[in-house]
Each structure stands twice: as C-alpha cells, then as structure tokens.
Amino acid sequence: MGKVIKVSGPLVIANGLAEANMADVVRVGPQRLIGEILNMTGDQASIQVYEETGGLGPGAEVVTTGAPLSVELGPGLIENIYDGIQRPLEEIVKRVGANITRGIEVPPLDREKLWDFTPAVKVGDAVIGGDVLGTVPETAVVLHKIMVPNGISGTVEWMADEGQYNITQPIARIKTDKGEVKELTMVQKWPVRVGRPYSRKFPPMKPLQSGQRVIDTMFPIAKGGTAAVPGPFGSGKTVVQHQLAKWSDVDIVVYIGCGERGNEMTDVLREFPELTDPRTGETLMKRTVLIANTSDMPVAAREASVYTGITIAEYFRDMGYDVAVIADSTSRWAEALREMSGRLEEMPGEEGYPAYLASRLAQFYERAGVVECKGSDRRIGTLTAVGAVSPPGGDLSEPVAQGTMRIVKVFWALDASLAYRRHFPAINWLTSYSLYLDSVGPWFDENLGEEFMQHRSRAMHLLQEENELNEIVQLVGKDSLSAGDQLTLEVARMLREDFLQQNAFMDVDSYSDIHRQKKLLGMILHYENLCRDALTQGVEAQKLFDLPAREDIGRAKYEEADAYAAAYDKIAADMEQQIKDLIAKVGEFV
C-alpha cells in the first residue's frame with residue numbers, strides 16, 4: 001500500500017509501492033479511483049488516473065491490484081456500450097443515473113444472465129489454447145465460441161452438459177500436461193496493451209465491401225488491412241466511418257468514439273438499433289460493440305479506449321470472424337498521449353507530441369491483419385483497422401497525420417470543399433490512394449471479370465484528365481475545347497455526380513452492392529465509347545449530351561435494389577438506339 005505525495009490533474013505520484021509493477025492497475029484514495037502505473041522510480045510510481053481527481057490530496061492511500069489493465073472477454077460483449085476502460089455505461093446508468101459516480105465498480109459482463117451453452121468437445125479429448133470448448137448464440141447473428149485460454153493445454157477431465165449457465169459457472173475442467181487441473185468458465189481476461197497471439201499471418205487478399213462506390217471501386221481496402229480517413233473539421237470523417245460501421249461486410253464491428261463529440265455517439269446509439277443489416281436482415285446492433293469515450297470524459301481513459309477496443313476485436317477475430325475496428329479519432333487519442341507526456345515532464349517531440357507517438361500508432365495499426373487462429377481446427381480471422389485523423393486546420397503535415405500515413409495502406413483524403421458542395425462521401429479522388437489494388441485485383445478479376453479493374457483505371461484517368469482540362473477552361477472557356485475534350489468533361493462529371501456521389505439519406509443509394517457498382521460504372525463508360533464513336537461520324541457533342549438516356553443514367557443509382565439490373569439493361573439499349581438515330585441523321589440537314 002502506498003501514499004499519494006503529488007496530484008497534477010490525472011497524474012498522481014505515490015511512494016511506498018515497491019511491490020507494484022509497471023502497468024499495474026491501482027485504486028487511489030477513499031473513492032478507489034482507477035489508475036495505471038506509467039513508470040516506477042524505486043518505490044515511487046507515476047500513476048495515470050482514469051477518473052476526475054478533484055478532492056484528491058497527499059496522504060491518500062494507493063492500493064495495487066497486481067494486474068495490468070485488462071478486459072473481460074466472454075458472452076455479453078455484443079450490443080454493449082462501454083467507456084474507455086470497459087465499464088458498462090448502460091448498467092451504470094441503471095444503478096446511479098446519467099452521471100458516472102467516481103470509483104464505481106461494475107463488472108463489464110453480466111454475471112446473472114444465463115446463456116444457452118452447447119459443448120463442442122467431450123471428456124478425454126486433448127485440447128490446446130484456442131480450441132473451441134463450446135458455443136453460445138450471443139445474438140441472432142453472432143455465435144460466440146468459448147475458447148480454451150492461451151497457455152492452457154491438456155485433456156478434458158470434465159465437460160458441462162448442454163444447458164443454461166452464467167459466465168462465472170464452470171463449464172470444463174482440463175488436466176494439464178503437468179498434472180494440474182484447471183477449471184474454466186465462459187469468461188477470460190486479457191491485458192489490453194498486449195496483442196493476442198495467432199499461429200500465422202497472411203497478406204490481405206480479399207476486399208472489404210462497404211457499399212460506398214468511391215471506396216469499393218476506386219480505393220478499396222482489403223479485409224485485414226489498415227486505412228486512415230484524414231480531413232479538416234466538417235469534411236465528413238465521422239459520417240464516412242458511420243457508413244463503414246453500418247454497411248461493411250464483416251461479422252463484428254467495434255466502434256470506438258475516442259474523444260469525439262457526445263452528439264455524434266448519440267447518433268450512433270439512435271441509428272444502429274433502427275438500421276437493418278443488408279446481409280442478415282437483423283438490426284446492426286446485433287453485431288456491434290460500442291466504446292464511448294467522448295470529449296467530456298476524463299482524458300486519460302481516452303488513451304486506453306483504443307486498446308480496449310482492439311483487444312475485444314482480436315478476441316472475435318480469434319473465433320474466425322471478420323472484424324472491423326473503427327477508431328474516431330486517433331488525433332484525440334494522440335492529444336491524450338501528449339497531455340500525459342507533458343505531465344510526466346518527458347522531452348517533447350514535434351508539436352509537443354511525445355517522441356514515441358509514431359511507435360504507438362504503429363502498435364495500434366499493426367494489430368490488424370489476416371491470421372490463422374490458435375487452436376487445433378484451422379480458422380482464419382481478419383481484423384481491419386480504420387482510424388480517423390483530425391489534423392488542426394486540415395494540415396496533413398502535422399505529426400499524427402504523417403505518422404499514420406507511414407503505416408496505413410489506404411488513404412481516403414476528405415475534402416472540405418466537396419463536403420460544402422454536398423458531395424458525399426467527400427473523398428478527394430485526386431489525393432486519395434490504395435496500396436491494396438494489386439492484392440485485391442485477382443479477387444475482382446475472378447468475381448467481377450477482368451473488365452472491372454480496366455473500367456476503374458479508365459475512370460481514374462478521365463477524372464485526372466478533367467482536372468487538367470479545368471485549368472484550360474478557366475483560361476479560355478469551355479466552348480474553345482475540342483468535341484472530344486468536351487466529352488471527357490461530361491463523362492467525368494457523370495462519374496463524379498452519378499457514380500462517386502451517394503445520398504446517405506436514401507436507403508437505395510446509401511448502400512450500393514459491388515455488382516451494382518460494376519454495372520453502373522460499365523454503363524457510364526459504355527456511353528463514353530458510343531459517344532466517341534458518334535463524334536468521329538460527325539454528331540454534335542451537345543446533341544449527345546441532351547439525349548434522354550443521358551438523364552436516365554443520372555437517375556440510375558436510385559433504382560430499387562431488386563430491379564436495377566433490368567433497368568440498367570433497358571437504359572443501355574435505349575442509349576444505343578438513340579445514338580444510332582443521331583448518327584443516321586448526320587447529313588440530313590446541311
């Protein structure tokens with residue numbers, strides 16, 4: 001037991017803690033505030049307290065728990081809402097009201113709730129860490145696999161029968177190779193700053209489908225990949241991340257609201273229970289874990305929240321699921337690092353951030369990947385990490401943005417001018433990039449045909465040409481351009497407005513299936529090919545732009561999901577006929 005000798009905001013210095021270790025969780029003062037030891041000098045410890053320290057003074061007792069900051073992993077995680085250190089906010093509200101009482105101790109998982117357990121092994125079976133002991137239907141869409149904790153292997157000596165159990169009741173006894181008998185329950189603990197082990201890691205090869213055309217077609221991210229969403233205030237970072245959380249074709253989503261505004265987390269809490277997952281037909285909350293550490297919560301817990309979130313994500317990855325971690329925003333997390341570093345009187349790096357900022361960012365993103373899970377049966381799990389970056393004033397040369405760009409392989413650069421023009425998602429197609437194109441190319445070729453990647457390349461080329469032509473237009477006007485260049489500008493406008501731009505408020509356009517994306521892009525480029533051919537035969541460019549089929553293409557993205565294929569075929573047939581008619585009329589009126 002130690003004593004407080006100094007309090008500086010969330011940083012508390014205490015002595016008499018010779019028995020404690022680095023990273024131990026401690027309880028501080030009469031209110032038993034939760035803290036974590038950041039460094040040790042002899043018997044003196046610097047403690048990061050995750051709660052408000054008002055009223056705490058020298059002489060207060062400090063008690064170490066002897067364990068690092070850990071999360072509880074077991075049935076009950078899905079649909080739950082936690083703060084940065086895995087305290088269940090809904091349960092706390094039931095007990096003490098809307099304001100969290102300091103020092104409150106509520107278990108992260110419900111100890112009373114009974115779960116339907118089905119055993120997957122029998123007495124006498126040999127098991128190792130990661131093997132599935134049994135399953136629990138946690139929600140309508142998530143089958144929770146109860147796994148042997150890492151580091152335990154041996155023979156099943158006793159196995160619970162099928163039935164209802166709470167998470168603290170024993171479900172198995174395992175006799176280890178050393179002769180010890182370990183009693184296992186449905187819950188296990190894992191330190192948040194330590195990545196969970198796996199057997200092998202593979203390069204990401206399969207695209208994550210988000211239903212956002214600018215992402216899936218132009219700048220795809222692979223399952224198990226990493227991406228950053230940087231942009232200035234008001235450019236739509238949170239909206240893009242909400243869309244990814246809603247529609248990505250993953251089994252589990254862990255959404256971390258790290259230092260963001262409370263009203264944005266409220267939007268998530270209100271929307272997700274009402275939205276239907278297009279793959280399962282169930283509400284999106286049935287596959288979501290929310291971690292809410294908003295900007296008005298203690299800054300120290302913000303730093304822990306991203307580790308809490310990614311550890312929960314790794315746990316579901318180890319079951320063989322595809323998991324996405326959405327962190328909004330890593331800039332607020334870095335600001336928490338900077339504040340604690342300053343209070344520890346560490347040597348500041350660029351813009352006051354600690355010198356270890358880049359390595360901490362890497363530690364977070366490197367926990368993503370495609371892995372072969374631990375265990376006897378071969379399971380492949382993926383963890384995709386997407387982090388928002390909120391550079392002050394949109395300056396991408398600042399340390400957090402630069403450190404993130406060196407690590408991630410997909411960069412969706414948001415543009416405030418696009419957002420103000422109501423172009424959503426406001427991802428700038430000229431400054432964004434994806435380094436997964438070569439990796440996911442074979443998947444696209446196999447599932448969508450080789451023309452899909454060819455169309456994507458052609459579309460990007462047209463958008464870049466438009467940017468160059470716009471400079472000429474500003475100098476000499478659009479009418480001075482050749483008919484071919486005018487067509488390039490028109491098709492690029494179609495790509496921007498009819499393909500890249502989506503309406504988040506219309507269900508039919510908020511989510512766009514990858515096969516629909518292919519058909520829509522193909523139709524726009526087919527229009528370009530037909531028009532270029534018509535121009536060579538003497539058709540005026542403006543007549544091609546005024547075709548009824550041109551307007552039909554503009555409305556094509558609003559066709560209902562079950563009727564779009566037939567509608568697109570009809571538009572293509574009408575377009576071909578209308579352009580044929582124009583070609584036939586050339587020379588009739590001279």
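**Questions on a predicted model**

Biologist: Is arginine 196 buried or exposed?
Modeller: Arginine 196 has a relative accessible area of 4%. Buried means under 20%, exposed over 50% and partly exposed in between, with a 1.4 Å probe and protein chains only as cover. At 4%, arginine 196 is therefore buried.

Biologist: What is the separation between the C-alpha atoms of arginine 196 and arginine 496?
Modeller: The model is predicted, so local features need pLDDT of at least 70 and side-chain atom pairs 80 or more, while totals for chains, interfaces and linings use all residues. Numbering runs from 1 along each chain as its sequence is written, and side-chain values use heavy atoms, without hydrogens or water. The two arginines are 300 residues apart along the chain. Their C-alpha atoms are separated by 42 Å.

Biologist: Where is arginine 196 found?
Modeller: Two strands flank it: S17 (188-191) and S18 (200-202). Helices (H or I, at least four residues) and strands (E, at least two) are DSSP runs, numbered from the N terminus. Arginine 196 is in the loop between S17 and S18.

Biologist: How many residues of the protein are there, and what percentage count as buried?
Modeller: The protein has 17 helices and 26 strands. Its C-alpha atoms fill a box of roughly 100 × 55 × 40 Å along the principal axes. Of the 590 residues, the buried share is 55%.

Biologist: Why is helix H3 largely enclosed by the rest of the structure?
Modeller: H3 covers residues 237-247. Among its buried residues are Val240, His242, Leu244 and Trp247. H3 is largely enclosed because the buried count is ten of eleven residues.

Biologist: Which peptide bond has omega near 10 degrees?
Modeller: The bond is cis. Serine 329, on one side of it, sits in the loop between strand S22 (322-328) and helix H6 (330-343). The bond runs from aspartate 328 to serine 329.

Biologist: What is omega for the bond joining phenylalanine 424 and proline 425?
Modeller: This peptide bond is cis. Proline 425 lies in the loop between helix H9 (416-420) and strand S26 (433-434). Omega is about -5 degrees.

Biologist: What is the phi of alanine 23?
Modeller: Alanine 23 lies in the loop between strand S2 (11-15) and strand S3 (24-28). At 23% relative accessibility, alanine 23 counts as partly exposed. Alanine 23 is not a glycine, yet its phi is positive, at about 75 degrees.

Biologist: What is the phi of glutamate 351?
Modeller: Glutamate 351 is in the loop between H6 and helix H7 (357-365). Its relative accessible area is 45%, so glutamate 351 is partly exposed. Phi is positive here too, although glutamate 351 is not a glycine: about 55 degrees.

Biologist: How many salt bridges does a search of the whole structure find?
Modeller: Side chains of opposite charge can pair when their charged atoms come close. A salt bridge is a side-chain nitrogen of Lys or Arg within 4 Å of a carboxyl oxygen of Asp or Glu. The search finds 37.

Biologist: What is the N to O distance between glutamate 528 and arginine 458?
Modeller: The pair links distant parts of the chain, 70 residues apart, with glutamate 528 in helix H14 and arginine 458 in helix H11. Glutamate 528 is buried at 1% relative accessibility. Arginine 458 is partly exposed at 28%. The salt bridge distance is 2.4 Å.

Biologist: Which arginine is four residues from glutamate 528 in H14?
Modeller: That spacing puts the two residues about one helical turn apart. The side chains meet in a salt bridge of 2.9 Å, N to O. The arginine is partly exposed, with a relative accessible area of 26%. It is arginine 532.

Biologist: How are the axes of H11 and H14 set: roughly parallel, roughly perpendicular or oblique?
Modeller: The axes come within 10 Å and cross at roughly 60 degrees. Axes are lines fitted to C-alpha atoms over the stretch in contact, with angles from 0 to 180 degrees between N-to-C directions. Under 35 degrees is roughly parallel, over 145 roughly antiparallel, 65 to 115 roughly perpendicular, and the rest oblique. H11 and H14 are therefore oblique.

Biologist: Which residues are linked with Glu490 and Arg493 in a network of salt bridges?
Modeller: Glutamate 490 and arginine 493 meet at 3.3 Å, N to O. They are three residues apart in helix H12 (residues 483-500), so about one helical turn separates them. Glutamate 490 is buried at 5%, while arginine 493 is partly exposed at 31%. The network also holds Glu497, Asp498 and Arg550.
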